[in-house]
Amino acid sequence: MFEGLQIALTGIRANQTALDTAANNVANANTPGYTRQRVDLASRAPWQSVNGKVGQGVDVTAISRMREGFLDSRARVTGAAAGYATARANLLDQTESLLGEPDAGIQQAMLSMFDAFDDLALDPSNIALRDNVVAAFDALGGRIRSVSSTWSQLAGDARTRMDSALIETNQMLTRVDDLNREIAAAGSDPSNAALDERDLLLDRLSTTLGVTTETRSNGMVDVILDGERLVQTAVTPVRTLSYDSSAGVVLNDTLAPVNAGGEVAGIHAFVSTDLPAVRTQLDQIAFDVRDAVNAANAGGSAADPGGVSWTDGGPPLLVATSAADFGIAPGIDGADVATADLGNHALHDATNVLRFAALRDQNPPGLGSPPLDERLRGMVVGLGNTTADAVARANTQQSLYANATAARQSGHGVNLDEEMVSLVQHQRALEAVTRAMTAIDEALDTLINRTGIVGR
Amino acid sequence: MRITSQAIVTRSVERLNARYAGLERASRDASTGRRIHRVSDDPAAMNRVMALTAAGRMRDQEVKAASDAVSWLNSADTTLQTAMSRMQRVRQLGVTGASTLGAEQRLSLAVELRSIQSELVNLANTRHNGRPMFGGTSDGTAVTGSGTAFTYDGDSGQVLRRVGPDDVVKVNVTAQDAFFFTPPPGFSDNVFAVVEEIAAAVDSGDTARVSAGLEAIDTAMTQISRQLTTIGAQTNHVEAAQLRTSDLAAALSSERSELQDVDIADAILRLRTEETAYETALSAVSRSLPPSLASFLR
């Protein structure tokens, strides 16, 4: 008879645990990385009574996390791809914005330069129009230099982002290592909170760095990047990473480069490949304009403002060692613009101005096809294509990641309705078990206090 | 599929964001009137737009150059027409002078002829926009000299105007072309000297020489008239080119607009649609978010 009280007690305990767990689930419904928990119940081995086997009550065998490993790895793989594509697309998008085409870009400045040539062709002796040509050169130079310097700034910002991402990554790796130890020390019954925190860190590591993981039998997780174990079971300290602009992401202990993934790789791809490619093209455009204009000027004769003294073969008007310092040569003004044909000292001769004007739609002499404007367009549209492609990929990867995240969320997230049902269910069970205990108690009361008092 | 409250929130927010972005895009298109705003929106179309912009700017310059060309040609035409009418007067005076006249009458004819000569020299040295109209590309006086000794001091430089794609026209006439010619025997090779020679012949009563001089006048008038014909033809050419180039510029800008601009009716409709979609999404989210079993259990 006393057994019954014990059985009821196990029921009370089990259902209280279940109520607590449900309450904890509800409380953590919006906690990032939280995995819903479930109380695993098992009935106790029965006791052999004279009347047969009687159940011994219920045991809480475990409070388990409802998490599917394969959903995690799918979410992490797509997370790394989305991190890469999004970081690269954002940076390319900014690169394109800084270029300012088509309304506020280099093309407008270049077309204004051509317009200045055409205006001068109508009145080649006019010193104001010659000065205007030099001013147009200066404006084009300023525009190209400004694009170049804002791109440098963007590259610098990307580097800073990279460095801070790696600092954060290194901290996360250390934390994963700490949690590994905590989990291994707990043996077969690790804390669910620690497991959740580690999973959340691994998610973020995947997105920023594209790591893979390997779970060991003792519950520890190795974090692997490009075949290198950054966090390794029973090895301390963890290996950290830093960024080297020429080699990329390097391991701090060997300085060997590793192929990272995720956001870090997206930033690296931009800094080391995408931006240098378009910068080279911008440099080339500066060189082409410089060479075409200087060649045209050298092919004519320039008059002083009064038209008295002449220079055969105009001086170089533009200088550039890269797009960053492209501009008019020092000391150049309108009087240095060669308007007349070489050796023809006629003040109103526009032969050479027409050579300048021809740069608008003809191949620059000596530089081959295509014309300057088309070269510029080639760069602008090339960057536009790269950006459009990167943005489209980022969108695709984002939606794949969203799907994977949703699938995982549907496995381990908290559904409030379920928890309400669970709360009600266990509350009722608790009430029933308590009633059972009362019933047994009353029976015992009858047995103890009311038996053997017949006729008293 | 098991739906969790976090999933509902995340997805609702995602959907609202997507709708909001769509609304923003539609409103940007409608308010700017543009379909593509940056190169990556549609690289192929933007490539074409930029090419059309460049071509359009070039056509604008050609239209400008054509106006300038017309002004050059008109000035030359007016000046040469004046010269032509003066030459007709010279011829009249020559015809009068070829008959026997009194000394006083001869003198007055000679005075008028000499005044016409200096008028002609001034016409030959007319300046257009501050530069010698008949002096080629040089800046100096086109025709210098006095009496019967005149020289052309300009050069043979051409003033060229690009008035259309691959259409470059010469808009100047030099004094060499207009006023210098191969004379009949005994006369100088230019209008100014010939007028003086006739004036001298009239003055001295040499009627035979005056008659012979009439032939030189005719040669000179033919010379000027040929230039006037050329100028007229060039003017027609330039005006036609100007019209054609303006048409081309209009075609370019309409093609650019087709690539780049939105159809307003379509843009407004899309804006309305996006607005409705956003409102619908908002109301859907507001209904799906709050309820849970907790509201119904007591």
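Here are four short exercises, with solutions, on a predicted model.

**Exercise 1. The contact between the chains**

State how many residues chain A and chain B put into their contact, then describe the side of chain A.

*Solution.*
- Step 1. Count by chain. Chain A puts in 42 residues, and chain B puts in 37 residues.
- Step 2. Look for the helices on the side of chain A that touches chain B. Among the elements giving at least two residues each are α3 (106-122), α8 (372-412) and α9 (416-450) of chain A.
- Step 3. Pick the main contributor. α8(A) gives the most to this side, with 14 residues.
- Step 4. Sort the residues of this side of chain A by type. There are 19 nonpolar, twelve polar and eleven charged residues.

**Exercise 2. The sheet with β10**

Find the strand order in the sheet of chain A that holds β10, and explain why β11 and β14 of chain A each have one side without a neighbour in the sheet.

*Solution.*
- Step 1. Write the order. The sheet is open, has three strands and runs β11-β10-β14 in chain A. The pairing is antiparallel.
- Step 2. Go to the edges. β11 (310-312) and β14 (340-341) of chain A stand there. Each has a single partner strand, so one side of each is left without a neighbour in the sheet.
- Step 3. Check one pairing. β10 (residues 300-303) of chain A is joined to β14(A) by two bridges, and the two strands run antiparallel.
- Step 4. Name a bridge. Gly300(A) has Asp341(A) in β14(A) as its bridge partner.

**Exercise 3. The sheet with β6**

Work out the order and the edges of the sheet of chain A that contains β6, then find a helix that packs on this sheet.

*Solution.*
- Step 1. Write the order. This open sheet of chain A has three strands, β5-β6-β7, paired antiparallel.
- Step 2. Mark the edges. β5 (212-215) and β7 (228-231) of chain A each pair on one side only.
- Step 3. Read the twist. From one strand to the next, the average is 40 degrees.
- Step 4. Follow one pair. Three bridges link β6 (residues 221-225) of chain A with β7(A) in the antiparallel sense. Val223(A) stands opposite Val231(A) in β7(A).
- Step 5. Add the helix. α4 (residues 127-185) of chain A packs on the sheet and touches β6 and β7 of chain A. The direction of α4(A) makes about 75 degrees with that of β7(A).

**Exercise 4. The domains of chain B**

Give the bounds of the domains assigned to chain B, and the distance between their C-alpha centres.

*Solution.*
- Step 1. List the bounds. Domain 1 of chain B is 5-33 + 262-291, and domain 2 of chain B is 53-255.
- Step 2. Give the distance. The C-alpha centres of domain 1 and domain 2 of chain B lie 73 Å apart.

Definitions and conventions. Residues are numbered from 1 along each chain as its sequence is written. Chains are lettered from A and ligands numbered from 1 in the order in which they are written. This is a predicted model: local features need pLDDT of at least 70, side-chain atom pairs count only at pLDDT 80 or more; totals for chains, interfaces and linings use all residues. Two residues are in contact if their C-beta atoms, placed from the backbone, lie within 7 Å. Helices (H or I, at least four residues) and strands (E, at least two) are DSSP runs, numbered from the N terminus. Ala, Val, Leu, Ile, Met, Phe, Trp, Tyr, Cys and Pro count as nonpolar, Asp, Glu, Lys and Arg as charged, and the others, Gly among them, as polar. Domain bounds come from an automatic or database domain assignment. Two strands pair if DSSP finds at least two bridges between them. Axes are lines fitted to C-alpha atoms, for helices over the stretch in contact, and angles run from 0 to 180 degrees between N-to-C directions.
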